[in-house]
Amino acid sequence: MPKSNTASKKNTPAKKAPTTAKSKPTTATPQKKTPTTPRRQAPVATTTTTSKKPASKKRTVEQIESDDEDLGDIAIDMRSSDEEDEESDDDQSIDNSDVEAFPEVSISSDEEEDESEDEAIIDEDEEEEEEEEDEDDYMAGDSLDEADLEEEDEQLARNAGQQQREKLPEIEANYDSDSSTEETENTIGNVPLEWYKDLPHIGYDIDGKRVLKPATGDELEKFLSTMDDPDSWKTVRSDREGKDVVLNDEELDIIRRLQEGEIPDAGYNPYEPTVEFFTSKTEVMPLSAAPEPKRRFVPSKWEHKKIMKIVRAIRQGRIVPRKPKDEKPQFYNLWGDDDTPHKDHIMHIAAPKMKLPEHDESYNPPAEYLPDEDEIKEWNEMDEEDRPKNYLPKKYKSLRHVPAYDRFIKERFQRCLDLYLAPRVRKNRLNVDPDSLLPKLPSPKDLQPFPTRQALSYEGHTARIRCLSIHPSGLYALSGSDDKTVRLWEVLTGRCLFTWHFEEVIHTLAWNPNSDVWLFSISVGHGQVLLISPPTLCAPEVAMATDQFVKGGYTRPAGDGAVIISWEKPTESEEEKLGYKVRLQHKQAVKQITWHRKGDYFATVSPDARALYMHQTTKHLTQMPFKRLKGIVQKVAFHPIKPIFFVATQMYVRVYDLMRQELVKTLQPSMKWISSIDVHPGGDNVIIGSYDKRVCWFDMDLSSRPYRSLRYHEKAVRQVVYHKRYPLFASSSDDGTIQVFHGMVYNDLLQNPLIVPVKILRGHETKDALGVLDIEFHPTQPWIFSSGADGTLRLWT
């Protein structure tokens with residue numbers, strides 16, 4: 001196609017562009033500088049460009065040769081020879097049928113170069129003469145007027161425009177196209193669109209103008225537009241552009257292929273033949289034409305040293321040249337290795353040898369080796385593993401009467417296993433005494449004193465004794481039984497001092513730990529708790545102090561708030577005869593009563609009502625320290641020194657600080673059902689018993705997990721208890737035994753507690769699958785009291 005001219009070249013007189021034939025093959029086109037119109041020739045269509053054309057169009061007129069003349073006039077522009085060459089080529093391609101190309105000057109070899117240059121110079125001189133003649137031929141007022149020139153120019157322009165507007169095939173985006181080069185209206189780049197959620201626009205276009213957010217309708221409008229639009233099923237939302245985009249068939253096909261796990265490009269063939277980028281043909285020419293280095297022709301000093309080293313080894317006999325190779329045998333003797341001598345090696349182990357046959361394996365053994373009927377019957381009844389021999393001796397008259405051995409294949413297989421599994425490395429066995437691996441525990445004799453035998457048995461109850469309690473002085477003991485009686489015993493003599501009869505079952509009882517007060521609490525029946533001072537068994541001063549301690553709450557004015565637990569005053573006859581001081585009525589049965597070490601506060605637990613109450617004796621006040629309990633409370637305990645309270649549920653023990661009113665720690669004993677809890681007198685260790693036969697020792701400073709888990713009982717653990725003075729603790733179980741342990745807690749924080757089982761006390765009988773129900777240590781002596789389901793109260797010393 002002809003190239004366009006710039007506006008500045010329109011009216012500029014063009015200079016003559018000489019064409020010189022050079023070494024490269026080019027097409028020489030004669031060019032003329034006159035901008036005049038050519039002569040009219042009848043048989044040939046001519047093309048002219050008049051001065052009436054706009055300045056932006058190019059000013060190029062081409063005169064085509066006729067049959068009578070060699071070459072017409074050509075108006076040219078001031079351009080380079082390369083551009084004119086391209087124009088001449090394009091013009092010839094436009095009307096190739098009517099135009100004869102100018103003869104080319106080509107060079108076939110270097111020898112013809114000079115001749116071609118001379119010919120090109122001669123052709124140039126002839127062309128210049130013809131151009132001068134053509135200039136003289138045209139005269140003003142010729143028959144070719146300007147209107148005809150314009151019509152012919154427009155016709156040629158239309159023909160050229162039709163050929164110029166030929167549509168090229170559209171570029172289709174295939175699998176190799178890069179989607180990152182696609183231009184989008186929004187040019188913010190990889191920026192989170194959340195930054196524009198509060199702005200009226202969603203980005204900027206390529207000119208820096210804001211791209212406003214399109215109007216979005218409500219859900220109803222979206223639904224209606226979805227119902228009306230048949231292309232809604234293939235419409236996706238473009239958040240970056242803020243508009244809906246309808247997928248075409250090719251994109252839908254790509255999505256379908258991705259969902260089915262196929263290759264996205266439909267035209268891709270994964271089974272195309274292999275293209276060998278690297279052929280196996282050896283190239284003749286070298287990759288590098290560098291000259292050979294000198295080191296390839298000069299003898300190497302290092303190779304000379306290596307050769308001399310090998311020569312010395314040959315002379316010394318360390319290397320034997322052309323030594324015959326030892327031929328390895330083709331077959332090996334699998335069953336024996338006596339035929340090939342082995343070198344003595346520390347790791348060599350000979351294969352296990354087969355056992356030599358004995359006399360009873362003969363086909364005709366002596367009579368003393370033959371078994372009788374009883375021995376045969378006994379051998380048949382024994383298991384195969386227990387038989388001393390896997391055969392019975394038999395006697396045959398001759399060798400040809402001996403049948404085939406039925407265990408031959410099995411014995412050969414066992415022999416193969418012996419050879420295959422034989423040890424290949426000799427391992428030095430350590431002769432270690434297994435007892436030395438166990439920790440060395442001190443002898444129980446060195447850990448005395450601890451209870452070892454039964455000293456007394458307090459008899460009088462006719463049913464199981466559920467609970468017992470020892471006075472802080474250690475002189476008196478209380479026991480509550482299912483026969484609805486409570487008995488007061490003298491410890492040293494075993495004499496029953498007083499008996500209380502009730503109409504309901506006794507659940508629990510506990511002495512007040514304050515030795516200055518003669519008082520104990522007891523739980524009877526359905527939620528009734530009594531504070532009792534045994535009459536006529538204490539000094540008058542102690543009795544008076546007890547009355548002031550208990551009855552001081554009656555003088556307190558009644559509060560305005562709701563009464564949680566009612567504190568009732570018993571009758572005078574009950575107080576004089578039975579020693580009743582206060583009666584508290586709970587909603588459900590109280591299963592545990594525990595006193596604070598100072599004797600003023602005590603806590604009661606009602607598992608059925610999921611209730612825990614804290615009572616103050618001197619003021620007759622009751623409060624619920626927990627608005628909501630996590631789980632069913634089983635047992636509670638006061639810390640012996642600090643204001644800390646332990647609450648044991650079925651699976652966890654939560655430790656609370658009463659002063660700060662917050663949870664301090666949660667102990668995780670990994671038990672299914674906790675039955676009992678006790679705190680060490682030092683306050684840093686806790687033992688917990690459970691119905692799943694375990695006793696766990698916790699070190700509060702160490703971890704919330706058990707320090708030791710003891711599994712010595714065969715049945716459920718009912719009670720665990722520490723001794724107040726001695727390093728002892730014990731546990732009782734339904735198996736009828738009491739396990740006594742030595743538990744020493746050291747003041748050194750780097751030394752762990754020492755736990756040693758020292759004694760198992762047996763004496764209680766199990767009745768109705770119940771054994772020892774309650775135990776408690778003597779306050780001052782290394783004695784222990786126990787009560788069981790057999791209705792006995794025992795003292796172990």
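A search of the whole structure, a predicted model, finds 21 salt bridges. Three of them are listed here with their closest nitrogen-to-oxygen distances.

| Salt bridge | N to O distance |
|---|---|
| Glu260 and Arg256 | 3.0 Å |
| Glu292 and Arg296 | 2.4 Å |
| Glu358 and Lys355 | 3.6 Å |

The bridge between Glu358 and Lys355 pairs a partly exposed residue with an exposed one: Glu358 has a relative accessible area of 35%, and Lys355 has 66%. Salt bridges that share partners also build a network, which joins Asp253, Arg256, Arg257, Glu260 and Glu262. Two members of this network, Glu260 and Arg256, form the bridge at 3.0 Å given in the table. Glu260 is partly exposed, at 48% relative accessible area. Arg256 is likewise in the partly exposed class, at 34%. In the bridge between Glu292 and Arg296, the arginine is exposed, with a relative accessible area of 56%.

**Overall content**

The chain has 797 residues, of which 33% are buried. Its secondary structure consists of 11 helices and 33 strands. Among contacts with a sequence separation of 6 or more, 51% are between residues 24 or more positions apart.

No disulfides are found: the count is zero, with the cut-off set at 2.5 Å between cysteine sulfur atoms. Two of the cysteines can be placed by their accessibility. Cys416 is partly exposed, because its relative accessibility is 35%. Cys538 is also partly exposed, at 24%.

**Helix 10**

Helix 10 runs over residues 540-551 and has 12 residues. At 1.5 Å a residue its expected span is 16 Å, and its end C-alpha atoms are 16 Å apart, so the two values agree. Its buried residues are Thr546, Phe549 and Val550. Seen down the axis of helix 10, these buried residues fall within an arc of 85 degrees, and therefore line one face of the helix. In general, an α-helix has 3.6 residues a turn, so residues three or four places apart point the same way. The face turned away from the buried side carries the exposed residues Pro540, Glu541, Met544 and Gln548. Strand 14, residues 580-585, is included in what covers the buried residues of helix 10.

**A buried strand position**

Strand 24 covers residues 685-690 and contains Ile688. With a relative accessibility of 0%, Ile688 counts as buried, because the class takes in values under 20%. What does Ile688 touch, leaving aside its neighbours within four places in sequence? Its contacts are Val653, Met671, Ile674, Ser676, Ile677, Arg694, Val695, Cys696, Phe698 and Val720. Of these partners, Val653 is 35 residues away from Ile688 in sequence, and the C-alpha atoms of Ile688 and Val653 are 9.1 Å apart.

**Backbone exceptions**

Most residues other than glycine have a negative phi, and most peptide bonds are trans. Three places in this model depart from that pattern, as follows.

The peptide bond from Gln448 to Pro449 is cis, with omega near 10 degrees. Pro449 belongs to the loop between helix 9 (434-437) and strand 5 (454-458).

Arg322 is not a glycine, yet has a positive phi of about 55 degrees. Arg322 sits in the loop that connects helix 6 (301-316) to helix 7 (373-381). The side of the classification on which Arg322 falls is exposed, because its relative accessibility is 81%.

Asp768 also has a positive phi of about 55 degrees without being a glycine. The loop that holds Asp768 lies between strand 30 (754-762) and strand 31 (772-777). Asp768 is exposed, at 59% relative accessible area.

**Annotated repeats**

According to an unreviewed UniProt entry, the annotation "repeat: WD" covers residues 458-499 and 772-797. The span 772-797 is 58% strand and 0% helix. The C-alpha atoms at the two ends of residues 772-797 lie 17 Å apart.

Conventions:
Residues are numbered from 1 along each chain as its sequence is written. This is a predicted model: local features need pLDDT of at least 70, side-chain atom pairs count only at pLDDT 80 or more; totals for chains, interfaces and linings use all residues. Side-chain values use heavy atoms; hydrogens and water are left out. UniProt positions are given in the numbering used here, feature names are shortened, and annotations may be inferred rather than shown by experiment. Helices (H or I, at least four residues) and strands (E, at least two) are DSSP runs, numbered from the N terminus. Buried means under 20% relative accessible area, exposed over 50%, partly exposed in between (1.4 Å probe, protein chains only). Contact means heavy atoms within 4.5 Å. The expected span of a helix is 1.5 Å times one less than its number of residues. The arc is that of the directions from the helix axis to the C-beta atoms. A salt bridge is a side-chain nitrogen of Lys or Arg within 4 Å of a carboxyl oxygen of Asp or Glu.
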